[in-house]
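Work through the exercises below with the sequence and the coordinates open beside you. Each task is followed by a solution that goes step by step.

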Amino acid sequence: MKSSKPALPLRASLTYGLLLVALLLAAFTSRPPRKPTLYLIGDSTVKNGKGKGDGGLWGWGNYLPAHFDTTRIRMENDALGGTSSRTFQTKGLWEAVRTKLQPGDFVIMQFGHNDDGALADTARARGTIKSNGEESQDIFNPLTRQPEVVHSYGWYLRKVITETRAKGATPVVCSLIPRNGWKDGKVNRATNGYTKWAAEAAQQGGAYFIDLNKLVADKYDREGEAKVGTVYFTSKDHTHTIEAGAQLNAATVAEGIKETKGLALSKYLKK
């Protein structure tokens, strides 16, 4: 006579199933939380060339990670040389970042150096209207061979700010770093132009603002024209910094983050 013991296999099967469920739940609940990402967008003063010191010139975005605990936050430098607040968007570069944004992420933007150009020239066609207003101008873009409505510098910033916040991420606007240009022993500043419009756009859009132009210019003034022109720049380029200049600017961005009241990004800075 064959002997069957259904109870034991059933009990074992149930035990195994419960154990498997418990292991799966444990694996799920013990999964570390997603690290937020800090995205950098801007022009060549944020990332020059391919970000490998092309021509001995560096953007400050290369050295910003040194100031953060990268075990707790991820950093991605998506800046591209030659872009303005307008062309970073019309070329689809901002859209590529926007689609990746998740709640809890951060976006630092710094534009302005390339916005002061022609709206519809055959070389760049990257200029923006010089204001934070709602002005616009209809043009025919000779590069894209398409009609285009060009807006103000501030309008393009506000668009990025709005779309960043819509994704649950935090926008931070930096005014543009100063160039190596001097008058009467003081470095030239963009106080009444792009800095002013960037600050206004940030306030209107609900973004944080770091006056990087002033913070860096103050340091340049203290160190003097001779030192700045040889330690942070070369004589051949008054816009793009060499390594020491990029390191100074990155440290200044980190200081600005730390000093900006209410900016949660500061908790990821190295102690």
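**Exercise 1.** Across which strands does helix 5 lie, and at what angle does it run to strand 9?

Solution. Begin with the helix itself, which spans residues 194-205 and lies across strand 6 and strand 9. Then compare the directions, and helix 5 is found to run at about 160° to strand 9. Next, turn to the two strands beneath this description: strand 6, residues 170-174, is joined to strand 9 by three bridges, and the two run parallel. Within this pairing, Val 173 stands opposite Phe 209 of strand 9.

**Exercise 2.** Place strand 6 and strand 9 in their sheet, and identify the edge strands.

Solution. The sheet is open and has five strands in the order 2-1-3-6-9, with parallel pairing. Its edges are strand 2 (74-77) and strand 9 (208-210), each of which pairs on one side only. Neighbouring strands of this sheet are turned against each other by 20° on average, with direction ignored.

**Exercise 3.** Describe the pairing of strand 4 with strand 5, and find the residue with a positive phi in their hairpin.

Solution. Strand 4 covers residues 136-141 and strand 5 covers residues 146-151, and the six bridges that join them belong to an antiparallel pair. One facing pair to locate is Phe 140 with Pro 147, the latter in strand 5. Between the two strands of the hairpin there are four residues, and Arg 145 takes a positive phi near 55°.

**Exercise 4.** Characterise the largest and the second largest pocket by volume and by lining.

Solution. First, the largest pocket holds about 220 Å³ of space. Its lining comprises 13 residues, of which His 113, Leu 176, Arg 179, Ala 190 and Tyr 194 are the closest to its centre. Sorted by class, this lining has five nonpolar, five polar and three charged residues. Second, the second largest pocket has a volume of about 170 Å³, and its lining has three nonpolar, two polar and four charged residues. Among the residues that line this second largest pocket are Glu 255, Lys 258, Lys 270 and Lys 271, together with others including His 67 and Ser 266.

**Exercise 5.** Which stretch has pLDDT below 50, and how many contacts does it have beyond near neighbours in sequence?

Solution. Keep in mind that this is a predicted model. The mean pLDDT of the protein chain is 92, and 88% of its residues reach 70 or more. Over residues 1-6, however, the pLDDT is below 50, and this stretch has zero contacts in the model beyond near neighbours in sequence. Where pLDDT is low, predicted coordinates should not be read in detail.

How values were computed:
Residues numbered from 1 in each chain as written. Predicted model: local features only at pLDDT ≥ 70, side-chain atom pairs only at ≥ 80, totals over all residues. Heavy atoms only, no water. 1 Å grid on protein atoms, 1.4 Å probe; cavity = no way out; pocket = protein on both sides within 12 Å on 5 of 7 lines; lining within 4 Å. Points joined across faces, edges and corners; volume = space filled by probe spheres on them. Nonpolar A, V, L, I, M, F, W, Y, C, P; charged D, E, K, R; others polar. Pairing = 2+ DSSP bridges. Axes fitted to C-alpha atoms, helices over the stretch in contact; angles between N-to-C directions. Contact = heavy atoms within 4.5 Å. pLDDT = per-residue confidence, 0-100.
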